[in-house]
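Student: I'm new to this one. Could you walk me through it, one feature at a time?
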Amino acid sequence: MHQAPILITGAAQRIGLYCAKAFHKQGYPVVISYRRHRPLVDELQASGIDCIQADFADAQGVQHFIETIKQRYSSLRAIIHNASDWHSDQDGELADVFDAMMAIHAKAPLLVNQALAPMLNSDRADIVHMTDFVAQTGSAKHMAYAASKAALENLTLSLARKLAPKVKVNAIAPALICFNDGDDAAYRQKTLDKSLLGIEPGEQEVFKTLDWLLKSDYVTGRIIHLDGGRHLNLP
């Protein structure tokens with residue numbers, strides 16, 4: 001029987017890219033979205049990962065992506081919402097920043113889920129939202145971003161109710177997962193000190209959690225916090 005693919009949005013870099021490759025290595029068909037073309041997209045396509053361009057900040061971009069998925073596939077194993085952007089409240093007019101963050105992190109996942117959930121018809125089917133540690137704590141400089149991730153966590157609860165028992169719906173809320181190449185030593189140490197475990201866990205930690213959720217038969221409507229105990233180490 002043909003295996004239904006795992007859909008991962010925003011998977012042409014960092015955590016999404018790692019997870020797309022890892023699931024593909026396990027033998028799953030994988031389809032990803034990407035916002036901007038880069039040479040890596042051609043490499044992924046050549047390796048057998050289907051890559052679809054989509055701008056989730058734009059309503060027409062979301063609709064085009066949905067229609068493309070429907071045209072190419074008859075079913076899906078899972079939808080993993082990883083597409084994200086990270087703007088501070090000073091990156092423009094606050095109203096515009098707020099609208100952009102809500103569009104990418106809440107509106108687009110809701111529309112994609114509503115349209116594609118009927119395609120989740122395997123024995124095990126999953127939706128997973130990638131949120132953020134700050135959804136629970138807030139952020140003085142990234143209020144719009146934090147609010148949009150909190151909205152996505154609330155959608156996790158609503159969709160878990162709506163789609164049960166056919167589809168499990170969960171969220172993963174990471175704190176530090178991996179540093180950027182340009183992060184200096186002082187910043188790295190300051191960030192490591194925020195958690196109890198004091199490590200940079202790497203992208204594999206997210207993949208292990210995703211893999212566990214997809215294999216579980218009895219977890220839905222949960223926010224899985226990957227924060228190394230940071231929630232216990234707040235001032």
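Tutor: Sure, let's begin with residue classes. Ala, Val, Leu, Ile, Met, Phe, Trp, Tyr, Cys and Pro count as nonpolar, Asp, Glu, Lys and Arg as charged, and the others, Gly among them, as polar. This is a predicted model, where local features need pLDDT of at least 70, side-chain atom pairs count only at pLDDT 80 or more, and totals for chains, interfaces and linings use all residues. Residues are numbered from 1 along each chain as its sequence is written, and side-chain values use heavy atoms, with hydrogens and water left out.

Student: How many residues of each class are in the lining of the largest pocket?

Tutor: The general idea comes first: on a 1 Å grid over the protein atoms alone, a pocket is an open set of points with protein on both sides within 12 Å along at least five of seven lines, a cavity is a set where a 1.4 Å probe fits but cannot get out, and lining residues have an atom within 4 Å of a point. Here the lining of the largest pocket has 22 nonpolar, 13 polar and 13 charged residues. Of its 48 lining residues, R14, S84, W86, D132 and Y145 lie nearest the centre.

Student: What volume does the largest pocket have?

Tutor: Grid points are joined across faces, edges and corners, and a volume is the space filled by probe spheres set on the points. For the largest pocket that gives about 1,600 Å³.

Student: Which residues line the largest cavity?

Tutor: They are T9, F56, H81, A83, I104, A108, P109 and V112. By class, six are nonpolar, two polar and none charged. About 50 Å³ of space lies in this cavity.

Student: Which strand pairs with β2 in the parallel sense?

Tutor: Strands (E, at least two residues) and helices (H or I, at least four) are DSSP runs, numbered from the N terminus. Two strands pair if DSSP finds at least two bridges between them. Strand β2 (residues 30-34) pairs with β3 (residues 50-53) over four bridges. One bridge joins S33 to I52 in β3.

Student: Is E205 buried or exposed?

Tutor: Buried means under 20% relative accessible area, exposed over 50%, and partly exposed in between (1.4 Å probe, protein chains only). E205 has 27% relative accessibility, so it counts as partly exposed. E205 sits in helix α8 (residues 203-215). Between E205 and I15 the C-alpha to C-alpha distance is 9.5 Å, though they are 190 residues apart in sequence.
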